[in-house]
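Here is a short tour of a protein model. Have a look at it first, then read on.

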Amino acid sequence: MGDVSIVHTPVGKTYDTRLRDHLLALKMRLGSPIGLILPLVILLLWQTAATFQWVEPVFLPAPRKVAVAFWVMLTKQDLIFDFLASISIVGQSFIYGSTIGIGLGIAAGLSRKFEQFLGVTVDTIRHIPGIAWLPLIVLWLGIGAPAKILVIGKSVFFPLFLNTLQGIRSVEKRHIELGKVLLLSRRQMVLKVILPSAMPSIMVSLRYAAGLAWALVVVAEGLSGLEGLGFLIFRAQGLLLTDQLLVCMVVIGVVGFIIDRQMYALQARILRWQQGFKG
Amino acid sequence: MSVAGKLEIKSVSKHYDVDQNRLQVLSGLSFDVHSGHFLSIVGASGCGKSTLLRLISGLDDDYEGDILLSGEHIYGPSLKRGIVFQDHRLLPWLTLEQNIGLSLENTGWSARAKKEAIRAQIELVGLSGFEKAYTHQLSGGMAQRAAIARALANKPEILLLDEPLGALDAITRIRLQEEMLRIWRVEGTTMILVTHDVDEAIFLSNEIVVMSSNPGRITKRFLVNLATPRDRASAEFIELKRQVLVELHLYRQQSKDAQENGIDMASLI
Ligand SMILES: Nc1ncnc2c1ncn2[C@@H]1O[C@H](COP(=O)(O)OP(=O)(O)OP(=O)(O)O)[C@@H](O)[C@H]1O
Ligand SMILES: [Mg+2]
């Protein structure tokens, strides 16, 4: 780049370097910039399709129009409120579902009796999808948050329960033997040997369940209730507000992405003892 | 320094039942290991060496005969009997110092005493600076040394070593043999070493027990009365090695050439 083209401002950083810092920080968070190529291509295609009106604007508004709709929803409507409503439901379902899942998974993993006791019930309920429970639960609990928390919590519970159980069962015999020659008590054995060796499968299912919960909240809100991103999406469809519909979709995708990255970071931190951990 | 106890193995036999077939693994084994002595067991693969160590460690109580330590029947695992498994068996989720600390959990020592013991053991095996390293960050030799440190930390009366250096390259192995010798002198622990390496057995032990298989039994005992430090190239060393190899059926008196060959082959096993 020629010297002439850069105008150095006397104070602070130039616009150029600030932009570069920004991009660098973004790169750190998103990984290799190669991952940004496809989204940009899609955006470009979208823009082209809108410009040449390949699709009726009612069905595919231009990106700029969607951006404006985002701004309007953010400032004039209650996008934040609906967003927080969804996050709160996901957060609660995730915490309850995973706590109970891990708890019962550990109990069943440590006691064959308890596993047998739960076996039939768990394996039957597991095969009824959470969404199939929703109508009944809404009849009982109404269309408010508790019904959704229960349904999504159930969908979080199962992967956690099954993976915790399986993780505990696959503890290596030689590690148990080591614990025996070191005279570890039952408690020490569980805390120092059995749980850590189940940790990788627990973490995998936590990450999976977090993504699942976020996807399900949209469905649950769409099927019942009067708030949340899922509700907004289906309302927008009904009113043919395609720009708002797309805003919701993008927000859901981006938030899902952030949730997954956060879970990955947590997983990498907790499993840092694993050789070549890559997720 | 730990109090070394005398180990007595009296007519010990052991069998497994495999698909209704009785597999006799050990048959009428008897030998003593005196306080503070270093005994090596050599023998073909599958002759029951690991099985014997499992019996002595107390991991397996299902055998005939008697095993006594300091005059008392052993019963179940005990902190008096440390074991180093053939795989190092460090727990991958614990750091080096946590792994060593695991063997101190039930010693009843104060936190300070534990910390000091961990530090001393890490220093003894030459791993200072790696206290916070996870297992995958250690080399094979370092992991083996860590496993030895873990087994020594709670001051067992007797240390059982199941081919602790088997998986290592020749150079690392010789270095660790010297290190084990030094540790044995410092700690004074009674040692029982299972090895495939006749050189290693002669270099380290007061006594060598040769076992043969089907069923596993003792065929010969050699007292090693060589001066220390032992010279692996000395005539006495090589002569004793020849005798042990003959006992293992790994050595045949042949032409000079073949003889050299025979020794080289055997030391590779
Ligand atoms: N749990 C078991 N069930 C049945 N048979 C067993 C069991 N463990 C060992 N054996 C048998 O006992 C015999 C001795 O095994 P062991 O592991 O003690 O041999 P080893 O002398 O240590 O051999 P190596 O030098 O290869 O380690 C083998 O024939 C093996 O098949
Ligand atoms: Mg063995």
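What follows goes from one whole chain to the contact between chains, then to the ligand and a few single residues.

This is a predicted model, where local features need pLDDT of at least 70 and side-chain atom pairs count only at pLDDT 80 or more, while totals for chains, interfaces and linings use all residues. Residues are numbered from 1 along each chain as its sequence is written, chains are lettered from A and ligands numbered from 1 in the order in which they are written, and side-chain values use heavy atoms, with hydrogens and water left out.

**Chain A and its partner**

Let's start with chain A, which has 11 helices and zero strands. Helices here are DSSP runs of H or I with at least four residues, strands are E runs of at least two, and both are numbered from the N terminus. Of the 279 residues in chain A, 36% are buried (buried is under 20% relative accessible area, exposed is over 50%, and partly exposed is in between, using a 1.4 Å probe and protein chains only). About 16700 Å² of chain A is exposed, and carbon and sulfur atoms supply 70% of that; such accessible areas come from the Shrake-Rupley method with a 1.4 Å probe, and for residues only the protein chains shown count as cover.

Where chains A and B meet, 19 residues of A are in contact with 20 of B, contact meaning heavy atoms within 4.5 Å. The two chains bury about 2100 Å² between them, 65% of it on carbon and sulfur atoms. Buried area is the accessible area (1.4 Å probe) that two parts lose on being put together, summed over both. Val181(A), Leu182(A) and Trp273(A) supply 30% of what chain A buries against chain B, more than any other three residues.

**Around ligand 1**

Which residues are closest to ligand 1? They are Ser45(B), Gly46(B), Lys49(B), Ser50(B) and Thr51(B), out of 13 that surround the ligand (a residue is near if one of its heavy atoms lies within 4 Å). Helix α1(B) gives the largest share of this shell, three residues. The table shows some polar contacts, which are pairs of N or O atoms within 3.5 Å.

| Residue | Its atom | Distance to an oxygen atom of ligand 1 |
|---|---|---|
| Cys47(B) | backbone N or O | 3.2 Å |
| Lys49(B) | side-chain N or O | 2.7 Å |
| Ser50(B) | polar side-chain atom | 2.7 Å |

On its own, ligand 1 has 640 Å² of accessible area, and the protein covers 61% of it.

**A few single residues**

Arg81(B) sits in strand β6 (residues 81–84) of chain B. Is Arg81(B) buried or exposed? Arg81(B) counts as buried because its relative accessibility is 5%. Its contacts, leaving out residues up to four places away in sequence, include Ile56(B), Leu69(B), Tyr75(B) and Pro156(B).

Now for some backbone oddities. Most residues other than glycine have a negative phi, and most peptide bonds are trans. Leu240(A), however, has a positive phi near 55 degrees. Leu240(A) lies in the loop between α10 (229–238) and α11 (242–270) of chain A, and counts as exposed because its relative accessible area is 51%. Gln20(B) also has a positive phi, near 65 degrees. You'll find Gln20(B) in the loop between β1 and β2 of chain B, exposed with a relative accessible area of 83%.

Finally, the peptide bond from Asn214(B) to Pro215(B) is cis, with omega near -10 degrees. Pro215(B) is in the loop between β9 (207–212) and β10 (217–223) of chain B.

Methods
Polar contact = N/O pair within 3.5 Å; in protein donor to acceptor, adjacent residues only side chain to side chain.
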